[in-house]
Amino acid sequence: MNDSLKNDVFLRALLRQPTPYTPVWMMRQAGRYLPEYRATRAKAGDFLTLCQTPDLACEVTLQPLERYPLDAAILFSDILTIPHAMGLGLKFETGEGPLIERPIRCATDVVSLAKPDPNQELRYVMDAVSLIRKELNGRVPLIGFAGSPWTVGTYCVEGGSSRDFARIKGMMYDDPKSLHTLLSTLTDITINYLNSQIAAGAQAIMIFDTWGNVLSPANYREFSLHYMSRIVDGLQREADGRIVPRIVFTKGAGPLIAEIAKVNCDAIGVDWTTDLSEARRMVSDSKALQGNLDPCVLYASPEKIREQVAKVLASYGYGNGHVFNLGHGIHPTINPEHAGAMIKAVHELSPAFHQ
Ligand code: CP3
């Protein structure tokens, strides 16, 4: 893995080092809004097979980079590969979202959990990472990722997506010890999994905590942030002579951003419900920030998109430590040209903030 990195603006921004412009990538940048993604998924047959076939996972990872001058690639996979590898049975039914066939419902389920070996059951992920690194050939850095234990835990306990999180919250109040055992097991597995991704070639790591925002602040600290902090502390800090930056993203974290800043991460993902200026004040420039354009801005015209990009850049303000992104994943019904307009606007407007 001695390819020299031609564009390291993203990695430098995460470490709050000077950059000539603000780097940009999009959460869910490979996905259903791209016709070429839909074609590859049809070739694979279904989403899980696509994730498990390194050639095809590599192909879809690179698709958005062929279209746009993005500053980072993100591994094509899913946060639910872990419960899948634990043997809980994962299915993606069209239009239904993910389904876990054997959810974790009681203390006995929790003690008998299998800990998969990332180089066995999740070998396909590591193979995809090495292949993508080879194909990228140093163009931009590759992001590896996992879900937060709390977020992955919600799928394991609820058996799929949830509106009220009744089962996992019931468990949290009734039997917190069992929930802690589950989260701790997921944490150990995730540390191993992410370190294997780093060994295979991931150059930055992002932890997705989509559902931490359904918790009270005290429960967020105890059941979500604590475990993300353990993961960050367990990660390999360097690979190939470079620091591997870590990004922690809790959707809707808002006022909790100051708490997240106590974690040993390099950057914090921010969604559009918090102004970047406010988030920057909360972290007192101790962390880089990633975000935070409302993904629905991309439904507007390219001219309006440019105006909104300018607002996000101005909200972060002058200086280093900003990675431009959407505040959450790109919607499947977005016109791909509009994503292009956003990326172009970031590259054209951001140098003014870096003089
Ligand atoms: O960002 C990227 O392009 C990398 C790939 C990626 C996917 N999922 C691909 C995917 C990443 C980083 C994820 C993370 C993920 N997966 C999260 C956390 C981030 C977030 O969006 O909040 C969560 C909660 C999941 C779980 C998951 N996977 C759900 C709820 C769904 C179904 C909802 C949906 O959008 O259909 C998935 C499926 C999924 N993961 C798709 C993709 C491209 C859609 C599959 C398809 O129909 O082709």
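The following exchange goes through a predicted model, from its sheet to its ligand site.

Colleague: In what order do the strands of the open sheet of 7 strands run?

Modeller: Strands of a sheet can pair in a parallel or an antiparallel sense. In this open sheet the pairing is parallel. Strand S1 (73-74) and strand S11 (322-326) are the edge strands, each pairing on one side only. The order is S1-S4-S5-S8-S9-S10-S11.

Colleague: Which helix packs on the sheet, touching strand S5 and strand S8, and what angle does its direction make with that of S5?

Modeller: The helix is H11, residues 217-234. Its contacts are with strand S5 (204-209) and strand S8 (246-250). The direction of H11 makes an angle with that of S5 of about 165°.

Colleague: Which residue of S10 is the bridge partner of glycine 269?

Modeller: Strand S9 (residues 267-269) and strand S10 (residues 288-293) run parallel and are joined by 3 bridges. Glycine 269 has its bridge partner in S10, and that partner is glutamine 290.

Colleague: Where is the cis peptide bond that has an omega of about -5°?

Modeller: Most peptide bonds are trans. Asparagine 292, one of the two residues joined by the cis bond, is found in strand S10. The cis bond joins glycine 291 and asparagine 292.

Colleague: What is phi of aspartate 240?

Modeller: Most residues other than glycine have a negative phi. Aspartate 240 lies in the loop between strand S6 (238-239) and strand S7 (242-243). Its phi is positive, near 55°.

Colleague: In the hairpin of S2 and S3, which glycine takes a positive phi?

Modeller: Strand S2 (residues 90-93) and strand S3 (residues 97-100) pair in the antiparallel sense over 4 bridges, with phenylalanine 92 opposite proline 98. The hairpin has 3 residues between the strands. The residue with a positive phi, near 80°, is glycine 95.

Colleague: At what angle do helix H9 and helix H10 pack?

Modeller: The helices are H9 (residues 166-174) and H10 (residues 176-200), with axes 5 Å apart. H9 contributes Ile168, Met171, Met172, Tyr173 and Asp174 to the contact, and H10 contributes Pro176, Ser178 and Leu179. By class these are 6 nonpolar, 1 polar and 1 charged residues. The packing angle is about 120°.

Colleague: How far is a polar side-chain atom of tyrosine 37 from an oxygen atom of the ligand?

Modeller: The ligand is surrounded by 21 residues, and Tyr37 is among the closest, with Arg32, Arg41, Thr210 and His328. Backbone atoms also approach ligand oxygen: a polar one of arginine 28 at 2.6 Å, and an N or O atom of glutamine 29 at 3.1 Å. For the side chain of tyrosine 37 the distance is 2.5 Å.

Colleague: How much of the ligand's exposed area does the protein bury?

Modeller: Taken alone, the ligand exposes 870 Å². Of that area, the protein buries 89%.

Conventions: Residues numbered from 1 in each chain as written. Predicted model: local features only at pLDDT ≥ 70, side-chain atom pairs only at ≥ 80, totals over all residues. Heavy atoms only, no water. Axes fitted to C-alpha atoms, helices over the stretch in contact; angles between N-to-C directions. Helix = DSSP H or I, 4+ residues; strand = E, 2+ residues; numbered from the N terminus. Contact = heavy atoms within 4.5 Å. Nonpolar A, V, L, I, M, F, W, Y, C, P; charged D, E, K, R; others polar. Near = heavy atom within 4 Å. Polar contact = N/O pair within 3.5 Å; in protein donor to acceptor, adjacent residues only side chain to side chain. Areas by Shrake-Rupley, 256 points an atom, 1.4 Å probe, with all protein chains shown as cover. Pairing = 2+ DSSP bridges.
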